[in-house]
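User: I am new to this structure and would like a close look at a single part. Please start with one residue and work outwards from there.

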Amino acid sequence: MDGKGFMQRLKREVSKAVVGKEDIIELLTIALLSEGHVLIEGIPGVAKTTIAKAFARAIGLSFSRIQLTPDLLPADIIGVVYYDQKSGEWKTKRGPVFANIVLADEINRAQPKTQSALLEAMQERQVTIEGTTYGLPQPFLVIATMNPLEHEGVYVLPEAQLDRFLLKIEIGFPDREEEISLLKRKSLGEFYDVEPIITHEELMGLIADVKSVSVSDEVIEYIYALISRTRSDERLLFGASPRAGEHLLYAARASAFLDGRDYVIPDDVKKVAPAVLAHRLMLRAEYELEGVKVRDVIENVLEDTEVPV
């Protein structure tokens, strides 16, 4: 199965349970094939959980949802060792992080210690329970959500943790046509079960194929030029890290693959740059007060950076 055909089939299958959101599905697929993680920012009721569940189901992966709260402990996520009185043995109970796709709902509500446990799982793709290390299922994708409207009872995610996410996706209200279509389909009961379109072996093959997508020196220099320009922009407190450049490369490679190519072009980089950079840049207070947005800066950087021919 080629990348373009896979993307078309996936969008068609997910549409059985989700209205629109094709751009969101594509970004989730880019993250999955790049072996990265996603941060979704959106108010309640915009189908974040529905999208994640339908996405996992369509690609035949196990799914778990963790509702993060201030009293949640690391053991509630990764698992515990307990004594089974019936068998007289110590046993390990694995936590909800042992799934291919983990939806971490309202990640900023969890205390820093719990956030760190999830961060270790994301970075190392393994967890340690009472001194024993367990590998996580492959592929492994964390979809963390945040509510942008709430500022009380939440813990701000540090920049170092935000930088671990490959992409940040912002989900707003649907447009008029999408919302009317949603209401009509709800009224008629026209939502259906999503079925897997690919086997686990085939999916791992696609992930391997993405790694073989070629990137020319000119495109690599273009990626560096974009990252470098963010570091000299006076509107930003700090620019993108070297990891941001790596993630831009990986995401552009997956984007090219899903577009049916085995090589990256500058347009692939431009396409994924807003989602890769949005959560890594911080505005200076004076520009934020003037109404400048991080995405405005990203657009300016893309416009002002020379594109290789």
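Analyst: Take F98 in this predicted model. Its relative accessibility is 17%, and buried means under 20%, so F98 counts as buried.

What does F98 pair with? Its partner is Y134, in an aromatic pair. The geometry is edge-to-face. The ring centres are 6.4 Å apart, with 80° between the planes. Y134 also has a relative accessibility of 17%, so Y134 counts as buried too. A search of the whole structure finds two aromatic pairs, and F98 with Y134 is one of them.

Where do the partners sit? F98 lies in the loop between β4 (89-94) and β5 (101-105). Y134 belongs to strand β7, residues 132-135. The two parts are 36 residues apart in sequence, so the pair ties together separate stretches of the chain.

Other rings have a charge over them. K186 lies over the face of F191, at 5.1 Å from the ring centre. The charged end of R261 sits over the ring of Y263, 5.7 Å from its centre.

Now the helices. Helix α10 covers residues 242-258. Its 17 residues, at 1.5 Å each, should span 24 Å. The end C-alpha atoms are 25 Å apart, which agrees. The helix is mostly covered, with twelve of its 17 residues buried. Among them are A244, G245, H247 and L248. Further along, A251, A252, R253, A254, S255, A256, F257 and L258 are buried as well.

What covers the buried residues of α10? The list includes helices α1 (3-14), α2, α8 (200-211), α9 (217-231) and α11 (266-277). Strand β9 (167-170) is also included. Just after α10, G260 takes a positive phi of about 90°.

Helix α2, one of the elements covering α10, runs over residues 22-33. Its twelve residues, at 1.5 Å each, should span 16 Å. The end C-alpha atoms are 16 Å apart, which agrees. Ten of the twelve residues are buried, so α2 is largely enclosed by the rest of the structure. The buried residues are I24, I25, E26, L27, L28, T29, I30, A31, L32 and L33. An α-helix has 3.6 residues a turn, so residues three or four places apart point the same way. Just after α2, E35 takes a positive phi of about 60°.

Notes. Residues numbered from 1 in each chain as written. Predicted model: local features only at pLDDT ≥ 70, side-chain atom pairs only at ≥ 80, totals over all residues. Heavy atoms only, no water. Phe/Tyr/Trp six-rings, centres within 6.5 Å; stacked < 30°, edge-to-face > 60°. Helix = DSSP H or I, 4+ residues; strand = E, 2+ residues; numbered from the N terminus. Buried < 20%, exposed > 50% of the residue type's maximum accessible area, 1.4 Å probe, protein only. Lys NZ or Arg CZ within 6 Å of the ring centre and 35° of its normal. Expected span 1.5 Å × (residues − 1). Contact = heavy atoms within 4.5 Å.
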